[in-house]
Amino acid sequence: MQRIASLTALTLALPLALTIAGNAAAEPLKPVEQIETRQAGYQFMSWNMGKIKANLDGDFSQPQVAAAANAIAGIANSGMGALYGPGTDQDIGDVKTRVKPALFTNQAEVGEVARNFIEAANNMAEVASMAEGKGDVKAAFGELGGACKACHDKFRKD
């Protein structure tokens with residue numbers, strides 16, 4: 001009986017918790033939070049790129065490569081463009097950005113680079129999910145790395 005009461009309480013509390021979480025997620029991020037969030041996304045993608053590279057350079061684990069590729073594709077498709085709002089083109093206090101001003105003025109080129117990256121990330125995830133060995137992954141990984149580099153070359157200060 002106590003288990004049923006617990007399940008009932010959980011069932012009633014869950015919609016409230018989801019509503020609260022949804023409202024919190026809907027709050028607009030301040031420019032400094034946008035910069036920090038996008039940097040965290042790129043760091044996580046970089047870490048996963050490293051995992052794929054390690055698998056290509058050493059022992060190959062298809063499940064590990066697929067998980068890393070899915071993480072990258074998930075971030076690529078998450079709508080990160082929303083994290084480049086007004087005021088995020090410059091450093092804010094201790095939070096530094098490496099974005100070139102051209103990212104905020106050349107929307108057509110930014111859109112093309114972003115679409116190419118998303119396409120390469122999705123392809124990498126698809127190839128990794130069916131890969132039977134390193135050979136299947138190398139080309140897709142090279143394309144993904146090239147898509148990353150294209151953005152860095154055009155829109156990232158170093």
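## Helix packing and the nonpolar core: worked exercises

In this predicted model, α3 and α5 pack with their axes 8 Å apart and at an angle of about 155 degrees.

**Exercise 1.** Work out whether α3 and α5 are roughly parallel or roughly antiparallel to each other, and describe their contact by residue class.

*Solution.* Start from the angle of about 155 degrees between α3 and α5, and set it against the cut-off, by which angles over 145 degrees count as roughly antiparallel. The two helices α3 and α5 are therefore roughly antiparallel to each other. Next, take the sense of the crossing, which is left-handed where α3 passes α5. Then list the residues that meet: α3 contributes, among them, Val65, Ala69, Ile72 and Ala73, while the α5 side includes Phe117, Ala121, Met124 and Ala125. Sorted by class, the contact of α3 with α5 holds 13 nonpolar and four polar residues, and no charged ones.

**Exercise 2.** Carry out the analysis for α2 and α3, giving their angle and the distance between their axes.

*Solution.* The axes of α2 and α3 are 9 Å apart, and the helices pack at an angle of about 155 degrees, so that α2 and α3 are roughly antiparallel to each other. Their crossing is left-handed. Residues of α2 including Phe44, Met45, Met49 and Ile52 meet residues of α3 including Val65, Ala68, Ile72 and Ile75. The class count for the contact of α2 with α3 is 11 nonpolar, four polar and one charged.

**Exercise 3.** Determine whether Phe44 is buried, partly exposed or exposed, and find which residues Phe44 touches beyond four places in sequence.

*Solution.* Phe44 lies in helix α2. Its relative accessible area is 39%; since buried means under 20% and exposed over 50%, Phe44 is partly exposed. Beyond four places in sequence, Phe44 touches Ala71 and Ile75. Although Phe44 and Ile75 are 31 residues apart along the chain, their C-alpha atoms are separated by 8.7 Å.

**Exercise 4.** Identify the elements that give two or more residues to the largest nonpolar core, and place Phe141 among its contacts.

*Solution.* The largest nonpolar core has 27 residues, and those that touch the most other members are Ile52, Ile72, Phe117, Met124, Val137, Phe141 and Leu144. Two or more residues of this core come from each of α2, α3, α5 and α6, with α3 giving the largest share, eight residues. Leaving aside neighbours within four places in sequence, Phe141 is in contact with Met49, Ile52, Lys53, Leu56 and Met124. Finally, a second, separate core of six residues includes Tyr84, Val99, Val113 and Phe155.

Note on methods:
Residues numbered from 1 in each chain as written. Predicted model: local features only at pLDDT ≥ 70, side-chain atom pairs only at ≥ 80, totals over all residues. Heavy atoms only, no water. Core = buried A, V, L, I, M, F, W, Y, C linked by side-chain atoms within 4.5 Å. Buried < 20%, exposed > 50% of the residue type's maximum accessible area, 1.4 Å probe, protein only. Helix = DSSP H or I, 4+ residues; strand = E, 2+ residues; numbered from the N terminus. Contact = heavy atoms within 4.5 Å. Axes fitted to C-alpha atoms, helices over the stretch in contact; angles between N-to-C directions. Parallel < 35°, antiparallel > 145°, perpendicular 65-115°, else oblique. Left-handed = near helix turned anticlockwise from the far one by under 90°. Nonpolar A, V, L, I, M, F, W, Y, C, P; charged D, E, K, R; others polar.
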